[in-house]
Amino acid sequence: MEKRQFRDYTISLYHQGFLDDQFTELKKLQDECSPDFVAEVVSLFFEDCEKLISNMARALDQTGNVDYKLVGSSVHQLKGSSSSVGAKRVKGLCVTLKECCDSQNYEGCVRCLQQVDIEYKSLKGKLQDLFNLEQQIVQAGGRIPQVDI
Amino acid sequence: MAARDGGVSCLRRTEMIGIGIGELESPPSDSDQVHVLAVDDSLVDRIVIERLLRITSCKVTAVDSGWRALQFLGLDDDKASVEFDRLKVDLIITDYCMPGMTGYELLKKIKESTSFREVPVVIMSSENVMTRIDRCLEEGAEDFLLKPVKLADVKRLRSYLTRDVKVSADGNKRKLVEDLSNFSSPVTTSPPPLSTSTSMESSESTRPSSPVGFISSSPESSTSPVDSPIRRREMKSLGLD
């Protein structure tokens, strides 16, 4: 049944470190008047990811003339928004990326950025699955269960 | 450019909408409602802070830069902003790290203005840097929130704001803000004992109307001698100045 699936899936996302308690905080802000609040915010976050990662990739492409300031400010922004939505793994990778950037470790930056890219896409897929489960519950006339982590 | 009456704030809001800045509140219907100006260059953070504030019954104007904030407040030129008497802003909450004008620079400009220097300004930052926090508090910031901002943080702000508005004549309010600029113990919003903040939330009803001074630790106050918000107390007791 969808409710159990939803509950289990949610718990696993937290336990595997994809999400942290800031995601829980966002859920608190969702109600009947703003039923899609979380989905909207994370969707903006993923747009942010795409844009910022692309900026950083472009900067890193200028081999020999990498604008590390740009990379640094982009990763700072990404770290901020990932923190605000509870995207724990993405945030962690941003921290690592920032360190590579600060020490102008080119190889490290490239590797890290790839990981950030993979990670945000993975999270995007998982949250999509989660929202789909929610939809199924709602469409079946049920209420989305409160999940205590 | 602007009508010299209450309509001016509506005009500016329209301007804001025209250039696609964040979400804006509807025209004021209840002048008692707390109106917060939120400043953050991150769209995600702006959406979140706006929602946090609305859920605690605040009216919100959200802008994406210090310059926009000054524009909204009518502080973007050097004219005396007499016509902005009726623009009611009860709290300004701003991110620290922003391109162009930082939250600190915005704070300074607000505190330098005659019209808005008494409005409490709260700084948000993702980085818990003591020197940064001290600097902001010394410049007159009311409080410093560590990102990511949580509902408990906003409720805490809200509770002292309401009390401020209810209890004070303008005189008291002036005193509160002025005095708090002397306060230098840093505050953060990521308390290790998370339960503390929520329990404080329910039991802590007021902030002192006079300060916890820089040197002294006991506020002289005609209201209840509740210490300043929990995190300040924690910081003090840990000696983390």
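# Two chains and the reasons behind the labels

Me: What makes the pairing of the side chains of Asp21(A) and Lys150(B) a salt bridge?

Reply: In this predicted model, a nitrogen and an oxygen of these two side chains are 3.0 Å apart. A salt bridge needs a side-chain nitrogen of Lys or Arg within 4 Å of a carboxyl oxygen of Asp or Glu, so the pair of Asp21(A) and Lys150(B) earns the name.

Me: How many salt bridges are there between chain A and chain B?

Reply: The count is 2. Besides the pair just described, Arg51(B) bridges to Asp31(A), with their closest N and O atoms 3.2 Å apart. That also falls within the 4 Å limit, so the rule is met again.

Me: Why is it said that the pair of Arg51(B) and Asp31(A) joins two chains?

Reply: Look at where each partner sits. Arg51(B) belongs to helix H2 (residues 43–55) of chain B, while Asp31(A) is in the loop between H2 and H3 of chain A, so the link runs from one chain to the other.

Me: Is Arg51(B) buried or exposed, and how do you know?

Reply: Its relative accessible area is 13%. Buried means under 20%, so Arg51(B) is buried. Its partner Asp31(A) has 27% relative accessibility. That value lies between the 20% and 50% cut-offs, so Asp31(A) is called partly exposed.

Me: How do you know that chain A and chain B touch?

Reply: Contact means heavy atoms within 4.5 Å, and by that rule 19 residues of chain A are in contact with 15 residues of chain B. The two chains bury about 1500 Å² between them, and 62% of that is on carbon and sulfur atoms. On the chain A side, Leu29(A), Leu44(A) and His76(A) lose the most area to chain B, together 31% of what that side buries. There are also 8 residue pairs in polar contact across the interface.

Me: Which helices of chain A each supply at least two residues of the side that touches chain B?

Reply: They are H2 (21–28), H3 (37–61) and H4 (68–85). H4(A) gives the most, with 6 residues. Sorted by class, this side of chain A has 7 nonpolar, 7 polar and 5 charged residues.

Me: Why is Glu25(A) called buried?

Reply: Glu25(A) has a relative accessibility of 10%, under the 20% cut-off, so it counts as buried. Glu25(A) is found in helix H2 of chain A. Setting aside neighbours within four places in sequence, Glu25(A) is in contact with Lys150(B) and Leu151(B).

Me: What makes Gln115(A) partly exposed?

Reply: Its relative accessibility is 42%, and values from 20% to 50% are in between buried and exposed, so partly exposed is the right label. Gln115(A) is part of helix H6 (residues 106–139) of chain A.

Me: Which residues of chain A does UniProt list for "domain: HPt"?

Reply: An unreviewed UniProt entry lists residues 34–141. In the model, that span is 85% helix and 0% strand, with its end C-alpha atoms 18 Å apart.

Me: Which residue does UniProt list for "modified residue: 4-aspartylphosphate"?

Reply: The unreviewed entry lists Asp95(B). Asp95(B) is in strand E3 (residues 91–95) of chain B. At 6% relative accessibility, under the 20% cut-off, Asp95(B) is buried. Beyond four places in sequence, its contacts include Asp40(B), Asp41(B) and Lys147(B).

Me: Why is it said that the pair of Asp95(B) and Lys147(B) ties together parts of the chain?

Reply: The closest N and O atoms of this salt bridge are 3.2 Å apart. Asp95(B) lies in strand E3 and Lys147(B) in the loop between strand E5 (143–146) and helix H6 (151–167), so the pair links parts that are 52 residues apart in sequence. Both residues are buried. Through shared partners, salt bridges join Asp40(B), Asp45(B), Asp95(B) and Lys147(B) into one network.

Me: What makes the pair of Asp90(B) and Lys88(B) another case of a salt bridge?

Reply: Their N to O distance is 2.5 Å, and the limit is 4 Å, so the label fits. Asp90(B), at 7% relative accessibility, is buried, whereas Lys88(B), at 33%, is partly exposed.

Me: How many helices and strands does chain B have?

Reply: Chain B has 9 helices and 5 strands. Buried residues make up 54% of its 241 residues.

Definitions and conventions. Residues are numbered from 1 along each chain as its sequence is written. Chains are lettered from A and ligands numbered from 1 in the order in which they are written. This is a predicted model: local features need pLDDT of at least 70, side-chain atom pairs count only at pLDDT 80 or more; totals for chains, interfaces and linings use all residues. Side-chain values use heavy atoms; hydrogens and water are left out. Buried area is the accessible area (1.4 Å probe) that two parts lose on being put together, summed over both. A polar contact is a pair of N or O atoms within 3.5 Å; within protein, one must be able to donate a hydrogen and the other to accept it, and residues adjacent in sequence count only if both atoms are side-chain atoms. Helices (H or I, at least four residues) and strands (E, at least two) are DSSP runs, numbered from the N terminus. Ala, Val, Leu, Ile, Met, Phe, Trp, Tyr, Cys and Pro count as nonpolar, Asp, Glu, Lys and Arg as charged, and the others, Gly among them, as polar. UniProt positions are given in the numbering used here, feature names are shortened, and annotations may be inferred rather than shown by experiment. Buried means under 20% relative accessible area, exposed over 50%, partly exposed in between (1.4 Å probe, protein chains only).
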